[in-house]
Amino acid sequence: MHMSKNKLILLLGMICLEQSKSATRSLPKAATCGQSLVKSRPLNDLNIFSRIVGGRQVEKGSYPWQVSLKQRQKHVCGGTIISAEWVITAAHCVANRNIASTFNVTAGEYDLSYIEPGEQTLTVETIIIHPDFSTKKPMDYDIALLKMAGAFHFDQSVGPMCLPEPGEQFEPGFICTTTGWGRLNEGGVVPQVLQEVNLPILTQDECITALLTLQKPISGRTFLCAGFPDGGRDACQGDSGGSLMCRNKKGTWTLAGVTSWGLGCGRGWRNNLQKADQGSPGVFTDLTKVLPWIHKHIQIGKLRKHSRAACSEQDRVIRASEGELHFPESPFLYYESKQLCVWTLFVPEGMHVLLNFSHFDAESCHHNYLSIYSLEDTLIGKFCGNSLASSVLVGSNAIRLRFISDATDYAVEFNLTYKALKPNYLPESGCSSLTILFEEGLIQSLHYPEDYSNMASCNWVFQAPKHHLVKLSFQNLEVEESGDCTSDYVSLHRAVERKKEVARLCGFVVPTPVVSISRVMSVSFQSDENMTFRGFQATASFVPKTGKKIEAPTPQVSSLILLLW
Ligand code: 4AZ
């Protein structure tokens, strides 16, 4: 919580009075949420003409829904109780520290330096991060649900906050409150006692404009801004995950937003375009944008109560021409952590397998992934997070699928269908599904020899027999030329995970053959949103591994970028 230097006492003035008069929101249905036993300080004549200038220490028990999210007994973020078993926090507070059991949540907390009577501490059973949150762009959809291991007992110091009704809006100008144990100033000290500050909600226009005036303009779908253009009052580091709460006339508090981020603390943004020391409003995740997702998980949570999915059989052998695979097997189960599920799938002899993913909900590639192996146990595809191809064509009648959830409590699910296909393999097959081939053959870009299309993505994986390597010989290469082949390109990787790019090709010179360094070569063709040419055509063949130095493409090919041989 950012406070002005003198810790000026918060004065609720006429603005607040006006705002509560104009509040047209319906009252939350549940009378038991959003209730504080501590009376808010009455407005007095002195306060009415004063401006709201800073934050203050809260009166104990004022915000019974405020929790401290701790790791190794240390406060890391705030959070809000919304029911006995559920707490809302910011996704970025838990995203990279994703072992749920390492978190504690303390409710009824006031002074962090003491264990006070009335405190209740629970561990976290499950972390559910919004599926649209990404650590690459952590400002948007910055919200997570924490399912407690156990339940909070509601009393005078611990209780839930109300969620907004569907469609309930918090009018711009409305004065709401944010609370937390965050720093008192940017780079300043952390308080021991819970702090609060009142902030007006900005219009969506003001919010978007303020964030676009930043040197690195930021946009998002779930932003709710609050604050003063001249700064002085704000949330700060350590307040994240806490709430921006608004109170209606009857004094019921409703969760409007989750404290997420801001450029600095309390800097203001009025003169951003004129100065180097820019600032931003406080940015909160707008609850109204994620409400259906919250309700869905709380509903599912009720059904899942005592059932957890585990892999019933370690290795399930399936012999069929088509079917579905799910994990968990029933939709209302969380999976147990540390699961290894194995399915070995045989379609009829001589047929190939087409896999289609209808749903794959895996947040973290470190902990949850689905991998596909050949029967001799070489990895031919690995899927997690966003790296999922929607369909995979495997040039074999047998595959092994392994789903690994490695000691994490994320709720992950996947559904896929499989189908036996006659092996009518086309050189362009990689452009409609990731194609995994165990035979030599021709591959080409989409529509070859006609021009490829914009935004094309074609992917093949070749797997040579034992003691063989994959040799890719180009018949033709006509691909938009850009200095470092970042526009359109053919790229070659040494393994299916595509971590190590071996070569990247573009331009109009036919490269010399490229030989893989292992039995696997992964080939990808990507085009961007403009300029198309004929593309490429190449033949993959399997050559015996000789132990001789591998062939590299001729270095005089100007458009070829060679990496990591
Ligand atoms: C934080 O890091 C944080 N000024 C939260 C809010 C703001 C800045 C940082 C807004 O938790």
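Tutor: The term pLDDT denotes the predictor's confidence in each residue, on a scale from 0 to 100. The structure above is a predicted model.

Student: What pLDDT does the protein average?

Tutor: The model is predicted, and confidence can be stated for the protein as a whole. Residues that score at least 70 make up 78% of the protein. The average pLDDT is 81.

Student: Over residues 407–411, how many contacts beyond four places in sequence does the model have?

Tutor: The pLDDT of residues 407–411 stays under 50. A contact here requires heavy atoms within 4.5 Å. For this stretch, the number of contacts beyond four places in sequence is 27.

Student: Over residues 549–565, how many contacts are there beyond near neighbours in sequence?

Tutor: In residues 549–565 the pLDDT is below 50. Beyond near neighbours in sequence, the contacts of this stretch in the model number 45.

Student: How do the residues of the shell around the ligand divide into nonpolar, polar and charged?

Tutor: The residues around the ligand include D234, C236, Q237, W261 and C265. A235, G238, S240, G262 and G264 are also among them. By class, the shell holds four nonpolar residues, five polar and one charged.

Student: Which residue has a side-chain N or O atom 2.4 Å from an oxygen atom of the ligand?

Tutor: Two backbone approaches involve a nitrogen atom of the ligand: a backbone N or O atom of A235 lies 2.8 Å from such an atom, and one of G264 lies 2.9 Å from such an atom. The pair at 2.4 Å instead joins an oxygen atom of the ligand to an N or O atom in the side chain of S240.

Student: What share of the ligand's accessible area does the protein cover?

Tutor: On its own, the ligand has 300 Å² of accessible area. The share of this area covered by the protein is 86%.

Student: Where does P449 lie, and what is the omega of the peptide bond from Y448?

Tutor: P449 is in the loop between β26 (441–444) and β27 (457–463). The peptide bond from Y448 to P449 is cis, with omega near 5°.

Student: Is Q73 buried or exposed?

Tutor: Q73 is not a glycine, yet has a positive phi of about 65°. The residue lies in the loop between β2 (66–71) and β3 (74–83). Its relative accessible area is 63%, and the cut-off is over 50%, so Q73 is exposed.

Student: What relative accessibility does M531 have?

Tutor: M531 is found in the loop between β32 (520–526) and β33 (535–544). Although not a glycine, M531 has a positive phi of about 65°. M531 counts as partly exposed, with a relative accessibility of 48%.

Definitions and conventions: Residues are numbered from 1 along each chain as its sequence is written. This is a predicted model: local features need pLDDT of at least 70, side-chain atom pairs count only at pLDDT 80 or more; totals for chains, interfaces and linings use all residues. Side-chain values use heavy atoms; hydrogens and water are left out. A residue is near a molecule or strand if one of its heavy atoms lies within 4 Å of it. A polar contact is a pair of N or O atoms within 3.5 Å; within protein, one must be able to donate a hydrogen and the other to accept it, and residues adjacent in sequence count only if both atoms are side-chain atoms. Accessible areas come from the Shrake-Rupley method with a 1.4 Å probe; for residues, only the protein chains shown count as cover. Ala, Val, Leu, Ile, Met, Phe, Trp, Tyr, Cys and Pro count as nonpolar, Asp, Glu, Lys and Arg as charged, and the others, Gly among them, as polar. Helices (H or I, at least four residues) and strands (E, at least two) are DSSP runs, numbered from the N terminus. Buried means under 20% relative accessible area, exposed over 50%, partly exposed in between (1.4 Å probe, protein chains only).
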